[in-house]
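Reader: Could you take me through one bit of this model up close? I'd like to hear how a pair of packed helices sits together.

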Amino acid sequence: MEEYVVSALKYRPLNFDSVVGQRSLTTTLKNAISSGKLAHAYLFCGPRGVGKTTCARIFAKAINCFNPQDGGEPCGQCESCQAFDQQRSMNIHELDAASNNSVEDIRELCKQVLIPPQTGRYKVFIIDEVHMLSSSAFNAFLKTLEEPPSYVIFILATTEKHKILPTILSRCQVYDFQRMTTQNTIEHLMYVAKKEGYTAEPEALALIAEKADGGMRDALSIFDQMVSFSGGNLTYENVCQNLNVLSQEYYFQLVDHFLASRVPDCLLLLNEVLQKGFDGGNFVAGLATHLRNLLVSRDAVTLPLLEMSDKMRARYQEQAQRCPISFIYKALKFANDCDQAYRTSRNKRLQVEICLIQCAQASEGDGAEASGHSPSEALKPIAKPEAPRPVATAAPAPQPVVAAAPAPQPAPTAQPVQPVSPQPEAEPVKKLPKVSFKHFGAGKKDEDASGEASSAQDNSQETETPLLEPINGEKLTAAWYAFIGTLPHDSVALAQRFKGLQPSVKDDDTAILVVSNPQVQQTIESQMPQILATMRRELRNSQFRLETKLEELQEVAKSYSAPEMLKMMQEQNANVGELVGSLQLAFN
C-alpha cells in the first residue's frame, strides 16, 4: 500500500510559478535573484497558510542553484537542488523560534554563521515564527543580523509582525503576503481534485474556501477531510453536513418569506434551524452576511466583492433584484441590532424571533410605518389642518360642521380655537411623559389627533399673539421632561443628569432649578436657549424664565467625645479644670 501524504505537503510548490496568490511578491524575488541584488536579511509576514515558509525555501533553493533559469527559477536537476529536495542540504538551515527562543539558542545559531558553506554560494538560515523569540534573544541577534558574513542570508517568517522589535524590522527587507482570495483557493482545489481523480462541485469548493478564511493550507486540510467523508465525491450538501455549516438555501427561503410578509413561515424555518443544533447567534450572523451579499449584488460595481462561485453569484443577483433597497437597509439594521443584543439577552430565541418579525414587516411598505416596530397600517388624520389663524382674545363657539353636506361658508374647523387665558382648573391634567434614551432627538409626538401646523407657522403665530398661560407644578414637570426628550441620542449621560433635577414654580412666569455644583449650573446655562424654547412652547407661555440656583451646603455638626468636650470647656473656663480636680472626676 502506497504511503499516504496529505495534500498540503504533496502539492507544496517547488518553484515560484506554482505559488498561488502571491504573484507580485514572487516576481520581485525572481528579479532580485536574476539581477544578483540580494539583501542579507528578509522578513516574510502575513496570515497563516499563505506560503511564507514555502517561498523562503524556494528562494534559498534558487540562490544556491548551479544552473538557474532565466526567470530566476531553480533548475531542480543540479546537485544543490537535489540535495534540497531530499532534505540533506548543508547550506539551508531551518530554526523553529517557537521552541528555540532562548538566548542560548541564538548564540548557537551565531556560531553556525561563522562556518562558510561547503558547496554553493550562500548559507541560508530560515527562522520560522520569529516573533516568539524573547527580548533577550532579539538583542543577542541584532549584531549578527545587521552585519552577517557575505555568504549568509537570513529569512525570517512570522504571522504577527507587530510583535517584532523595530530594531529588527529596520534591518530587514519586509515582504507582506496577502490572504488567499476565494477564487484562487477554488481554482487550486479544483486542480488538486482533478489530479487525484475526485469530483467536486464548485459550490462545495467555494464553501471550503470560505471556511478556510484565506489560508491555503487550511483549505487543503479541509479538502482532505471532505474527501474522506464523501469518498471522493464532494457535493454542497455533503460539505455542509460535515462542516456543520448552515446551507445558504435557508437564507434564500427566509428572504422570500420576508418579501411575502409571511411571519409564521419565518418562525417555522427558525425552529427547523434550531432543532438541527445550530446556534441562534450564528444564524443571525449568517442572515446579516446574506443581506450584505444581496446589497452588493444590486450594483455591477460592487459585484466583485462577492467571493463565491459564478452560480451562487447569479442566484444572489436574481434575489437582489426582487428586494427593494429600503428593505435591505432596514433588515440589515434589524439583524445587526439583534446580533449585538443576543449575547446579553435572557431569552435568546425570542430575540431572534423579534428580528425576523421586524424584517418581515419591513417589506410591507416604506417609511416609518414599515419600520418593523408596528404594523404597516397606521391611523392617519382624516383631514389636514388648514393654515393657522391668529388666536383671538375672545371667540364664539365654533359652528358644527355636517360631514354629509358642505358648509355654506368655508370656515376652517380642523383646529379648534383655544382661548388665550383659560382657567387653570379647566386645563386637562397631563401625564408625565416617558423618556426613552434610545430615541433622543426624535421629537415630541403629536398630541392632537387632527395634527398640528408646521413649526414655522407656530413661531409666527406666537410672535403675533404672545401666550401668557400661568404655570403650575404638573405642567412644569411635563415641559421639563419634554426638553429632555429633545436631547440628541449621544447625550445619554447628560439626559440622565437632567432627569435627576426637578424645577419648582416661583411665580406665574418663572421657575427655579436648584443644582448641586457649579459644573451642573454651567451645563444648564449652556443649554438655556434650547430649554427655554422647548418649555415655552410646552407651557404656552412666551415670558417663561428659568433661574438656576446653587444649593447651599449645610455644615454638618460634629459629635464630640466626653474627653474632647471636657477639654473644650476647660479652654473656655479655667474654673472647670479646678472643679474636676477637686471632685476627682474621670472621663473615659
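Author: Sure, let's take helix 10 (residues 216-230) and helix 11 (residues 236-243), which pack at an angle of about 110° with their axes 10 Å apart. This is a predicted model, where local features need pLDDT of at least 70 and side-chain atom pairs count only at pLDDT 80 or more, while totals for chains, interfaces and linings use all residues. Residues are numbered from 1 along each chain as its sequence is written, and side-chain values use heavy atoms, with hydrogens and water left out. Helices here are DSSP runs of H or I, at least four residues, numbered from the N terminus. Axes are lines fitted to C-alpha atoms over the stretch in contact, and angles run from 0 to 180 degrees between N-to-C directions.

So helix 10 and helix 11 are roughly perpendicular to each other (that label covers 65 to 115 degrees). On the helix 10 side you've got I222, Q225, M226, F229 and S230, and they meet N238, V239, Q241, N242 and L243 in helix 11; contact means heavy atoms within 4.5 Å. Those contact residues split into five nonpolar, five polar and no charged. For that tally, Ala, Val, Leu, Ile, Met, Phe, Trp, Tyr, Cys and Pro count as nonpolar, Asp, Glu, Lys and Arg as charged, and the others, Gly among them, as polar.

For contrast, look at helix 12 (residues 248-259) and helix 13 (residues 263-275): their axes come within 9 Å and cross at roughly 160°. That makes helix 12 roughly antiparallel to helix 13 (over 145 degrees). Here Y250, Q253, L254, H257 and F258 in helix 12 meet D265, C266, L269, E272 and V273 in helix 13. This contact divides into six nonpolar, two polar and two charged.

Notes. Helix = DSSP H or I, 4+ residues; strand = E, 2+ residues; numbered from the N terminus. Parallel < 35°, antiparallel > 145°, perpendicular 65-115°, else oblique.
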